[in-house]
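Reader: I'm new to this one and would like a close look at a single part. Could you take me through it slowly, and then show me how other parts of the chain are held together?

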Amino acid sequence: MPNNKVISIRLSTGWLAVVSLLGLVSVFFFCEYLIYYPVILRCAWPKLSAVRGGEVADGRSTGSTLRAMVLSDTHLLGAVGGHWFDKLRREWQMERGFQTALWLLRPEIVFILGDIFDEGKWSTPTNWEDDVRRFHRMFRHSTETELVVLVGNHDIGFHYEMDWSKLQRFEKVFNSTSTRILTKKGINFLLVNSVALHGDGCPICQSAEKELVKLSRDLSCSLQNSPPSSSMGSDSAVEGCDGAESLPPTPPIMLQHYPLYRVSDASCTGEDAAPPEERHLLFREKYDVLSKESSQKLLQWFKPRLILSGHTHSGCEVLHDNSYPEISVPSFNWRNRNNPSFILATLSEGSHSLSKCFLPEESTVIAVYSSAGALLLLAVMAHCLCFKSVGPLLPCLSLCALIGKHKYL
C-alpha cells in the first residue's frame, strides 16, 4: 500500500477520534450544565392581578410585591440508602437546577416545604453533619435571597419516630422554630410543623398546638383590632388582645409539609399530577395527609388565603370548603419524578399569582445521550467500512473489531 494512502487514512482516523471526543464532551456539557438555562428561561414571574381595583378587603393598597420561589421534597440521600452514583447524580441535578433558577429568576425568598433530607429520621450525628454540609453547598445563595426551610417527616421522622433531639437539631441548623409566622413586605407566612399535628397529646404535638393557638390569637387580634370572634373556634377564643403580637392585618399564606386532608388525588390534573394508576388510591390520614380534625382546626383558626404543601411528590390543586385554595408542590428531586418543578409566586398583602416552572425532563437528557451515542457508533462503523480493505496495521481496525466484529484479511 502506498505510504501516502496509509498516512491519509491514519489522519482520517485521528480526525474522527478528535471530533468524536469533542462531540462527547459537548453533549456532556449540554446535558449536565447548559440545558438548565434554555428550559428555565421559559419561566417568568406571574403578573399580579389587582383585587378590587388594587385594594384589599379593608380598602388598603396592595403595596409592594414579593417574589417567592417554592419547592419541596429534595430528599438528599444519606449514608444508608441509595447508590453513590445515584446520590452524586441527583445532587448535581438539584444543585444545577437551583443555582440556575437563582441566577436567572432572582427570587427574594425561597421556601422548601420539608423532607430536605431522606434519612434525617435515623441519621447519626456524623452523617447528619455531612448531609447538612452537602445541603448548604447545593442550595447556597446570596444575601439578597432568604432561604426558609420547613420540617418534614423524613427530616425528624414520622410522628411515632420524632423526638425533641431530632426536632431541635433541625431547628438549630436552620436557625428557626418549626412553627411560626414570618412577615415579609406586609405578607404573613404561617409556617407549620405538620408532622406534629396528630392531635394525640404527645409533648411535641402539645407544644406545636399551643403555639398555633397563640399565633391564631395574634393574627385574629391584628385583623380585627378587637377580641377574636367566636367563629375562629373555641380553642382560640380569648378574653382580649392584651399582650398579643401585632401583625399585618391580612390573612396568612400557610406553608407546611403534609397536605390538608383530601380523599385522594382523583381530581388532580396536569402534567405533574400523580400517574393515572395512582390518583384513585385512598390517602391515609396522619400518613399521606393531615387528619380531618387537624385540617379543620387550621382552616378555622387561620382562614388562610393560600396553602402550599408537599409530601406527595406530585402536583395538585384543591379548594377546601369552597374558600381555601391549596397547591401541592411536586418533588424537586429527579429520583422521584421525571419532570421536577417549582412554584413562582408574586405576592402582595392582598393578592397573589402563581406559575409553575418545570426543570429539564430526565427522559430528554437520556434521549440526547442515546442519540449522541448512536451517531458516534454510526460514524465509527461508517469509517471502518470505508477502509475495510486496508491492512491490519491501521489503528482504526482494532476499534472496528470491537464494534462490528469485522475480520480483516
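Is the disulfide of Cys221 and Cys241 left-handed or right-handed, and what is the torsion about the S-S bond?

Author: Keep in mind as you look around that this is a predicted model. The torsion about the S-S bond of Cys221 and Cys241 is about -85°, so this disulfide is left-handed. Cys221 sits in helix H7 (residues 203-224), while Cys241 is in the loop between H7 and strand S6 (253-255), so the link ties together parts that are 20 residues apart in sequence. The two sulfur atoms are 2.0 Å apart. The two ends of the link have different surroundings. Cys221 has a relative accessible area of 6%, which is under the 20% cut-off, so it is buried. Cys241 comes out at 23%, so it counts as partly exposed.

Now for the other disulfides: the count comes to four. One of them joins Cys43 to Cys357, with an S to S distance of 2.0 Å. That link is right-handed, with 85° about the S-S bond. Cys43 lies in the loop between helix H2 (36-41) and S1, and Cys357 lies in strand S11 (residues 352-358), so the pair ties together parts that are 314 residues apart in sequence. Cys43 and Cys357 are both buried.

Another disulfide runs from Cys268 to Cys316, with 1.8 Å from S to S. The link of Cys268 and Cys316 is left-handed, at -70° about the S-S bond. Here the pair connects distant parts of the chain, with Cys268 in the loop between S6 and helix H8 (292-302) and Cys316 in strand S8 (residues 316-320), 48 residues apart. Cys268 is buried, and so is Cys316.

Back to H7, where our first disulfide has one end in Cys221. This helix also takes part in a salt bridge: Glu209 pairs with Lys297, and their closest N and O atoms are 2.8 Å apart. Glu209 belongs to helix H7 and Lys297 to helix H8, so this pair ties together parts that are 88 residues apart in sequence. Glu209 is partly exposed, at 24% relative accessibility. Lys297 counts as buried, at 19%.

Strand S11, the home of Cys357, has a salt bridge of its own to look at. Asp272 pairs with Lys356, their closest N and O atoms being 2.5 Å apart. Asp272 lies in the loop between S6 and H8 and Lys356 in strand S11, so the pair ties together parts that are 84 residues apart in sequence. Asp272 is buried, with a relative accessible area of 3%, whereas Lys356 is partly exposed at 29%.

Salt bridges come to 20 in the count. One of them is between the side chains of Arg134 and Glu91, at 2.5 Å from N to O. Arg134 lies in helix H4 and Glu91 in helix H3, so this pair ties together parts that are 43 residues apart in sequence. Arg134 and Glu91 are both buried. They also belong to a network of salt bridges, whose members include Glu95, Asp130, Asp131 and Arg137.

Those two helices lead us to some strands. Strand S1 (residues 66-71) and strand S2 (residues 109-112) run parallel, joined by four bridges. Going from S1 to S2, the chain passes through helix H3 (residues 84-105), and this β-α-β crossover is right-handed. Leu71 has Ile112 in S2 as its bridge partner. S2 also has four bridges to strand S3 (residues 146-149), and these two run parallel as well. Phe111 stands opposite Val148 in S3. Together, S2, helix H4 (residues 125-138) and S3 make a right-handed β-α-β unit.

What about the side chains of S2? In a regular strand, side chains alternate between the two faces of the sheet. Both faces of S2 are covered: Ile109 and Phe111 are buried on one side, and Val110 and Ile112 are buried on the other.

For a contrast in direction, try strands S4 (residues 180-184) and S5 (residues 187-191), which run antiparallel and are joined by five bridges. They form a hairpin with two residues between them, and Lys185 in the turn has a positive phi of about 50°. Leu182 stands opposite Phe189 in S5.

Last stop, the surface: Phe29, Phe30 and Leu34 form a nonpolar patch there, with about 250 Å² of accessible area together. Phe30 has its place in helix H1 (residues 3-34) and is partly exposed, at 31% relative accessible area.

Note on methods:
Residues are numbered from 1 along each chain as its sequence is written. This is a predicted model: local features need pLDDT of at least 70, side-chain atom pairs count only at pLDDT 80 or more; totals for chains, interfaces and linings use all residues. Side-chain values use heavy atoms; hydrogens and water are left out. Buried means under 20% relative accessible area, exposed over 50%, partly exposed in between (1.4 Å probe, protein chains only). Two strands pair if DSSP finds at least two bridges between them. A crossover is right-handed if, with the strands pointing away from the viewer, the path from the first strand over the helix to the second runs clockwise. Patches are made of residues with over 30% relative accessible area and no salt bridge: like charges are joined within 9 Å, nonpolar side chains (Val, Leu, Ile, Met, Phe, Trp, Tyr) within 5 Å. Accessible areas come from the Shrake-Rupley method with a 1.4 Å probe; for residues, only the protein chains shown count as cover. A salt bridge is a side-chain nitrogen of Lys or Arg within 4 Å of a carboxyl oxygen of Asp or Glu. A disulfide is a pair of cysteine sulfur atoms within 2.5 Å.
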